[in-house]
Each structure stands twice: as structure tokens, then as C-alpha cells.
Amino acid sequence: MAASSSIVSVAPTASSVPVLPSSCDFSNLREIKKQLLLIAGLTRERGLLHSSKWSAELAFSLPALPLSELQPPPPITEEDAQDMDAYTLAKAYFDVKEYDRAAHFLHGCNSKKAYFLYMYSRYLSGEKKKDDETVDSLGPLEKGQVKNEALRELRVELSKKHQARELDGFGLYLYGVVLRKLDLVKEAIDVFVEATHVLPLHWGAWLELCNLITDKEMLKFLSLPDTWMKEFFLAHIYTELQLIEEALQKYQNLIDVGFSKSSYIVSQIAVAYHNIRDIDKALSIFNELRKQDPYRIENMDTFSNLLYVRSMKSELSYLAHNLCEIDKYRVETCCVIGNYYSLRSQHEKAALYFQRALKLNPRYLGAWTLMGHEYMEMKNTSAAIQAYRHAIEVNKRDYRAWYGLGQTYEILKMPFYCLYYYRRAHQLRPNDSRMLVALGECYEKLNQLVEAKKCYWRAYAVGDVEKMALVKLAKLHEQLTESEQAAQCYIKYIQDIYSCGEIVEHLEESTAFRYLAQYYFKCKLWDEASACAQKCCAFNDTREEGKALLRQILQLRNQGETPSTEIPAPFFLPASLSANNTPTRRVSPLNLSSVTP
């Protein structure tokens with residue numbers, strides 16, 4: 001979506017904010033630090049605390065400025081002086097969350113700063129009332145039609161100011177937020193882009209814009225300002241869009257130019273590695289981050305997800321207790337505790353803490369997704385579906401919610417629904433083998449076996465996380481009486497297991513050896529059949545079949561039956577399995593590797 005043509009020609013008088021132009025050059029880090037300190041103060045004065053914190057943290061990671069280079073506070077205008085008393089009183093009320101009271105005393109103020117706080121107080125008052133009504137009356141899983149009643153009035157007023165070109169960068173940001181809340185996405189994107197041009201140093205506008213971008217194509221059409229802040233935005237949006245290589249390259253560039261001490265960048269790199277399931281790397285970075293910033297709570301729920309996957313109970317318990325001591329009423333803390341109880345299989349308690357997180361922030365994506373997982377564990381599919389749908393409403397890019405919906409409909413034996421949701425998950429994570437295997441299973445249930453084969457082969461080609469794709473593909477070939485292809489898949493599966501030394505479930509390994517023993521027996525390749533039959537004897541479910549086959553092979557050899565040289569076998573067995581290294585002819589490889597489902 002292209003930004004409106006008026007963006008670049010915004011009149012300089014539209015903003016009274018004395019922010020220096022933000023160039024794309026990182027060579028002058030002192031200038032960047034001055035800009036960050038200035039915007040941290042300006043956002044703090046307007047109650048935009050998250051943006052202020054982000055700017056202050058980034059400024060802290062840069063070298064300190066000498067006294068001679070520290071900037072004085074921005075000059076006070078005549079309008080600021082007239083509104084000073086009302087602003088000072090209202091800001092005190094705003095800080096203790098008395099938003100209606102703050103708005104009452106700011107009514108009629110003319111300065112840009114006071115006007116923004118007046119409109120922002122009205123917006124937050126409406127949001128607080130909406131959240132209270134949602135939690136108290138409807139519960140965390142009910143889909144109520146509760147709206148922020150102030151939004152329409154705010155839109156009308158801000159629209160008039162926008163048309164008159166009287167909104168500064170902060171006013172444009174608030175106007176964009178109101179439009180987004182009213183689901184006017186295209187208009188909101190245009191306004192946020194305009195806000196980044198007028199006030200490029202305000203991180204909040206970039207972040208809101210990031211939440212509205214759904215794919216890389218959409219990003220290409222945005223007319224963004226050429227500023228160093230754009231690099232932080234691109235790194236963040238690449239992470240969100242699962243373009244992890246590009247994101248990591250951007251963050252590495254930012255570290256190289258001088259932001260190596262930024263805890264924000266370190267945490268984002270850890271999140272990026274989490275997203276590509278490089279668990280060891282992500283854990284290592286998070287542990288370093290904890291040493292560097294031990295009281296940090298942001299992203300600790302992502303850290304807890306990694307500890308959960310690795311079943312690190314003691315570490316997860318320590319993290320939960322530690323965060324409770326810091327702030328037990330933070331959303332991230334509740335999610336960490338929920339993960340801890342989930343790992344202990346106390347799913348009711350886990351769901352309770354995720355609900356508590358959603359009472360603190362009903363738009364917190366991670367809590368909705370994790371609560372859906374807990375309801376799945378409790379076999380409450382209807383509640384799980386509602387939770388996953390809420391997660392998608394918050395962020396349509398959350399592949400875990402789409403995948404979770406696919407799983408719930410799979411339990412409900414509704415394969416067409418499954419297929420839709422798994423496809424959406426696959427679009428978001430095209431190189432995730434779990435999505436491809438799930439898609440393959442759906443196609444198999446719908447008897448679309450060619451598509452199923454493509455999915456399983458593609459899952460193997462991108463790096464099968466669960467080591468199941470080849471077995472499923474082999475069974476499919478077996479079902480279609482494509483014996484050579486089935487044997488080929490089973491051999492690849494066994495080779496992969498023995499090359500990486502992983503311990504797998506005996507059922508899968510024994511299934512592969514049983515089929516190969518029978519296949520080589522039919523091919524009259526006694527050495528290979530004997531080697532596989534001996535392997536079958538190591539498993540309870542195939543022991544008797546293996547012994548019977550060995551007896552048959554011995555009997556045929558005693559009768560002078562010669563091995564076949566005409567019937568092709570897939571290719572060599574691993575050297576450690578073969579009785580001798582008798583060469584066998586290869587069959588042509590499956591021609592599916594280049595096909596994307």
C-alpha cells in the first residue's frame with residue numbers, strides 16, 4: 001500500500017517539536033545520542049512511556065556525552081507558557097491513571113503538547129473502560145462486542161486537525177492509532193507513514209506501522225523516510241515476517257556501527273534465533289542477556305518457551321520465582337509461571353495464569369496462543385479454538401495460532417478445515433517441516449496422495465525436525481505399491497538416524513528394518529535381507545518376523561538359491577549394517593524436491 005502523496009510535502013510548521021533531522025548516516029553516534037535523549041524526554045512528557053523507555057535504553061548503549069555537548073531542554077513557546085499550569089496538573093493526574101480527570105483540566109488548551117495529552121487521555125480512558133467491561137462482564141474467552149466509545153469522536157476531531165495540517169508528529173501517531181482501532185487499516189498505514197516523516201525519531205509510530213504490515217510485498221510499496229531509525233524498523237519487521245536471515249544481518253550491522261551494548265538488540269537477536277528454532281543459540285544469548293540486565297522482564301516469556309521445549313524444569317522454576325520477585329503483575333511474568341505449571345502438567349493452573357496475563361493486557365499475543373495450547377491439553381477444543389482465534393485477531397502473522405487451529409480441527413476430524421489452517425501456517429513458515437508434515441497428513445486423509453507426497457518430501461528437504469517425514473513418505477509409497485521408492489525412503493531414514501546418532505522410537509526404526517528385510521528378500525539379495533532381519537531381532541515388535549526371515553534365508557542358501565543380479569535395489573546400506581559391501585544399483589531419486597505444495 002503506497003503512502004499518500006501528501007506525505008513528503010508536510011509543512012514544517014505542522015510540528016513544534018524541536019527534533020533534529022534524522023539522517024541515515026551512523027557515522028556520528030554523538031548526534032544520534034543527542035537525538036535519542038531529546039526524543040526520550042519529549043515522549044515522556046506526553047505519557048508515551050514505552051517509546052521513552054526504548055529511546056533511553058538505546059541512548060544508554062552509546063558512549064556518554066561531555067557536558068559541553070549536552071543539550072538544554074527545548075524552548076518553551078508562548079502557548080506552552082499559557083497552558084503550563086493546566087498541563088502540569090493534568091500530567092500528574094495522567095501519571096496516576098486518572099485519565100478523565102486529566103482530560104477535564106486540559107480541555108481548551110492550545111499548545112501542541114497539552115492538546116496531545118488531552119486527546120491521549122480521552123483515548124486511554126476509553127480503552128480502560130473497554131478492558132474493564134470485557135474482563136468483568138464477559139470473561140477472557142467471550143467474544144463480546146465491547147468497543148472504545150471515544151474512538152469515533154476522536155477520529156472526527158483528529159481528522160479535522162489533519163485536514164487543516166495542524167497535527168504534529170505525535171498527533172499523527174495518535175490519529176493512526178485511532179484509525180487502526182477502528183479497523184481502517186489502509187488509512188492508518190498512510191497516517192503512520194506520514195508520522196514517521198514528520199517525526200522520524202518516535203519509535204512508537206514505527207512499531208504501530210510494523211503491526212500493520214502483513215508481508216514483504218506490502219513493505220516494498222511504503223514511502224519511508226531515509227533515516228537511521230528505518231534500519232531498526234526493518235530489522236524488527238523482518239523478525240516479525242519470519243525473514244530471519246535478513247533480520248539477523250540488520251542487527252549485526254547495527255552492532256557493528258556501535259550499538260553492541262544495546263540490550264534491545266541482543267534480545268531481538270535471541271528472539272530471532274528462537275523463531276528459527278536454533279534453541280541452543282537462543283538460550284545462550286538469553287543467558288548472557290540475563291547477566292547483562294538481570295531485572296529485565298521483556299521477552300522473558302520467549303526465554304521461558306525455550307526452557308519449556310528443553311524441559312529444563314529447575315531453570316524455568318528459577319526464572320518464574322525471579323520474575324515474581326521483580327514484578328508479579330507483569331504479563332510476561334504470568335506467562336512464565338503458566339509455562340512452568342504447563343511443564344509440570346498442571347494445565348488448569350497454567351491456563352489460570354495465562355488468563356491473568358490477559359486481564360493485564362487483553363491484546364497480548366503470546367498469552368492467547370499459550371492458553372490455546374493449554375485448552376488443547378485439557379481436551380477443551382472449543383475453548384482452544386476461541387483462544388487461537390483471539391490470537392489471530394491480535395496478530396494475523398502468528399503461525400502458532402494458525403497451526404493450533406489446524407490441530408484442533410484435526411482432533412474434531414474436520415480435514416478440510418485443517419487444510420485451510422495448516423496452509424496459512426505454512427505460508428507464514430514455508431521452511432518449517434512441522435507445517436509441511438501436518439499438511440501432508442491432511443492431504444493423505446483427503447486422499448490427495450500426490451500432494452501428500454510433495455509435502456513429505458519437501459519437509460525432508462528443508463530439514464525434518466521430528467524425523468517423521470521420510471517414514472510417512474515411505475508408508476505412502478508402500479500403500480501405492482511403489483516398493484522401490486518406499487525402500488529408498490526407509491534407507492534414507494535409517495542413514496539419517498545412524499549418521500546423527502539420535503535415539504528414536506523403536507517403532508519407527510523397526511518398521512523401516514522390517515520393510516527393508518522383506519524387500520531385499522523379494523529381490524533375492526540375501527546379504528542385505530539378512531542384515532536387516534538381524535536388526536529386526538533387536539525390537540520386540542519385529543523379533544519373531546526377523547527370526548523367521550533369517551531361517552528362510554538360511555534354508556534357501558542351503559538349497560543353493562543364488563542371489564539376484566537383475567532386480568534393482570535402492571542403493572547401498574550403511575556400511576555398519578551390511579554383511580558385506582556388495583554393490584547394488586541405485587534407482588533414480590524422487591523428482592519432488594523442487595515442488596512446493
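A patch is built from residues with over 30% relative accessible area and no salt bridge; like charges are joined within 9 Å, and nonpolar side chains (Val, Leu, Ile, Met, Phe, Trp, Tyr) within 5 Å. A salt bridge puts a side-chain nitrogen of Lys or Arg within 4 Å of a carboxyl oxygen of Asp or Glu.

Now the ground rules. This is a predicted model: local features need pLDDT of at least 70, side-chain atom pairs count only at pLDDT 80 or more, and totals for chains, interfaces and linings use all residues. Numbering runs from 1 along each chain as its sequence is written, and side-chain values use heavy atoms, without hydrogens and water.

First topic: the patch. L37, L67 and L70 make a nonpolar patch on the surface, together about 310 Å² of accessible area (Shrake-Rupley method, 1.4 Å probe, only the protein chains shown as cover). L37 sits in helix 1, residues 29–45. Helices are DSSP runs of H or I, at least four residues, numbered from the N terminus.

Why is L37 partly exposed? Because its relative accessibility is 40%. Buried is under 20%, exposed is over 50%, and partly exposed is in between.

Next, loops. R165 lies between helix 6 (151–163) and helix 7 (169–181). Its phi is near 60°, positive in a residue other than glycine. K379 lies between helix 19 (365–377) and helix 20 (381–394). Phi of K379 is near 65°, again positive in a non-glycine residue. R165 is partly exposed, at 39%. K379 is exposed, at 67%.

Last, K467. The UniProt record annotates K467 as a modified residue, N6-acetyllysine; such annotations may be inferred rather than shown by experiment. K467 is in the loop between helix 24 (449–461) and helix 25 (469–479).

Key: Helices (H or I, at least four residues) and strands (E, at least two) are DSSP runs, numbered from the N terminus. Buried means under 20% relative accessible area, exposed over 50%, partly exposed in between (1.4 Å probe, protein chains only).
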